[in-house]
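Good morning, colleagues. I should like to use these few minutes to walk through one protein model, and I would ask you to keep the display in view as I speak.

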Amino acid sequence: MQNIIFDCVYSSYFCSMNKNIFRILALSGLMLLGILVSLLNATGNNNADSIACVPNSGEFFKPHFKQVDSTTYEAFFIAKMWSFEPKEIYIPVNSDLDIFVSSDDVVHSFDIENKNVQIQVMPGTVMKKTVHFDKPGIYKIACHEYCGEPHKFMKSEIIVSDKIK
Ligand code: CUA
């Protein structure tokens, strides 16, 4: 009789052990899957929306702005205490803007209002981000990395208009 009770208790204990092990295995499987998915996301981040660090091929010494094709424009901004160059650029609605930005002195940031763009700008490196503008407006650029008292004067603008062809 005692044996039967013991068997019963033992087997139910064993059963719940098995369930726990199964749960732990399932959980770690899920965690592994999560890690795998985020790794894949990180390595596959070459879409137009991500920020990339690009080698300075020598063209990035002077601020510039140019049209690449019918819907793509390219701008190279220089951030320095306490301004951005160029001060403003004009592009038509439904354009892709390839933004390149570097710093001439200290760490700055290049943030575009209403576009959720925040690029940390380091001297000696060129950061690139492609941003699509599908609505007309004045998109203000500001530096939100403290770089000295007058840093609130670091401003530039991307003017997106449906009147530009
Ligand atoms: Cu540059 Cu703050």
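F77, F84 and F110 form one aromatic cluster. Before I go further, please bear in mind that this is a predicted model. In total, 4 aromatic pairs are counted here. Within the pair made by F77 and F110, the ring centres are 4.9 Å apart and the planes stand at 55 degrees, so this pair is classed as tilted. F77 belongs to strand β3 and F110 to strand β7, so the pair ties together parts of the chain that are 33 residues apart in sequence. Both F77 and F110 are buried.

A further aromatic pair is formed by F133 and Y139. Its centre-to-centre distance is 4.9 Å, with 70 degrees between the planes, and the arrangement is edge-to-face. F133 and Y139 are likewise both buried. F133 also has a charged partner: K115 lies over the face of the F133 ring, at 5.1 Å from the ring centre.

Let me turn to the nonpolar core. Which residues have the most contacts inside the largest core? They are F77, L97, I99, F110, I112, F133 and I158, in a core of 25 residues. At least two residues of this core are supplied by each of the strands β3 (72-80), β5 (88-92), β6 (95-103), β7 (108-112), β8 (117-121), β9 (126-133), β10 (137-142) and β11 (155-161). The largest share, 4 residues, comes from β3. As general background, nonpolar side chains in soluble globular proteins tend to be buried together.

I112 may serve as an example from this core. If we set aside its neighbours within four places in sequence, I112 is in contact with I99, V117, Y139, K140, I141 and I158. Apart from the largest core lies another, of 5 residues, which includes F76, I78, F100 and V126.

Strand β3 also has a partner earlier in the chain. Strand β2, residues 64-67, runs antiparallel to β3, and 4 bridges join the two. One of the residues involved is F65, whose bridge partner in β3 is A75. The connection from β2 to β3 is a hairpin through 4 residues.

I now come to A142, which is placed in strand β10. Is A142 buried or exposed? Its relative accessible area is 13%, and because the cut-off for buried is under 20%, A142 counts as buried. Neighbours within four places in sequence aside, A142 is in contact with F84, S109, F110, D111, M154 and K155. F84 and F110 are thus among its contacts, and both are members of the aromatic cluster with which I began. As for M154, it is 12 residues from A142 in sequence, while the C-alpha to C-alpha distance between A142 and M154 is 5.8 Å.

Next, the backbone. Most residues other than glycine have a negative phi, and most peptide bonds are trans. Where does this model depart from that pattern? One place is the peptide bond joining M81 and W82, which is cis, with omega about -5 degrees. W82 lies in the loop between β3 and β4 (83-85). Another cis peptide bond runs from E85 to P86, with omega near -5 degrees. P86 is found in the loop between β4 and β5.

Two asparagines deserve a word for their phi angles. N114, although not a glycine, has a positive phi of about 65 degrees. N116 is not a glycine either, and its phi is positive at about 55 degrees. N114 lies in the loop between β7 and β8, and N116 is placed in the loop between β7 and β8 as well. With a relative accessible area of 68%, N114 is exposed. N116, at 70%, is exposed too.

Finally, the cysteines. How many disulfides are counted in this model? The count is 0. C53 has a relative accessibility of 52%, and because exposed begins over 50%, C53 counts as exposed. C143, by contrast, has a relative accessible area of 4% and is buried.

To close, I return to F77 and F110: they are among the residues with the most contacts inside the largest core, and together with F84 they form one aromatic cluster. Thank you for your attention.

Methods:
Residues are numbered from 1 along each chain as its sequence is written. This is a predicted model: local features need pLDDT of at least 70, side-chain atom pairs count only at pLDDT 80 or more; totals for chains, interfaces and linings use all residues. Side-chain values use heavy atoms; hydrogens and water are left out. A nonpolar core is a set of buried Ala, Val, Leu, Ile, Met, Phe, Trp, Tyr and Cys residues joined through side-chain atoms within 4.5 Å. Buried means under 20% relative accessible area, exposed over 50%, partly exposed in between (1.4 Å probe, protein chains only). Contact means heavy atoms within 4.5 Å. Two strands pair if DSSP finds at least two bridges between them. A disulfide is a pair of cysteine sulfur atoms within 2.5 Å. Rings of Phe, Tyr and Trp (its six-membered ring) pair if their centres lie within 6.5 Å; planes under 30 degrees apart count as stacked, over 60 as edge-to-face and the rest as tilted. A charge sits over a ring if NZ of Lys or CZ of Arg is within 6 Å of the ring centre and within 35 degrees of the ring normal.
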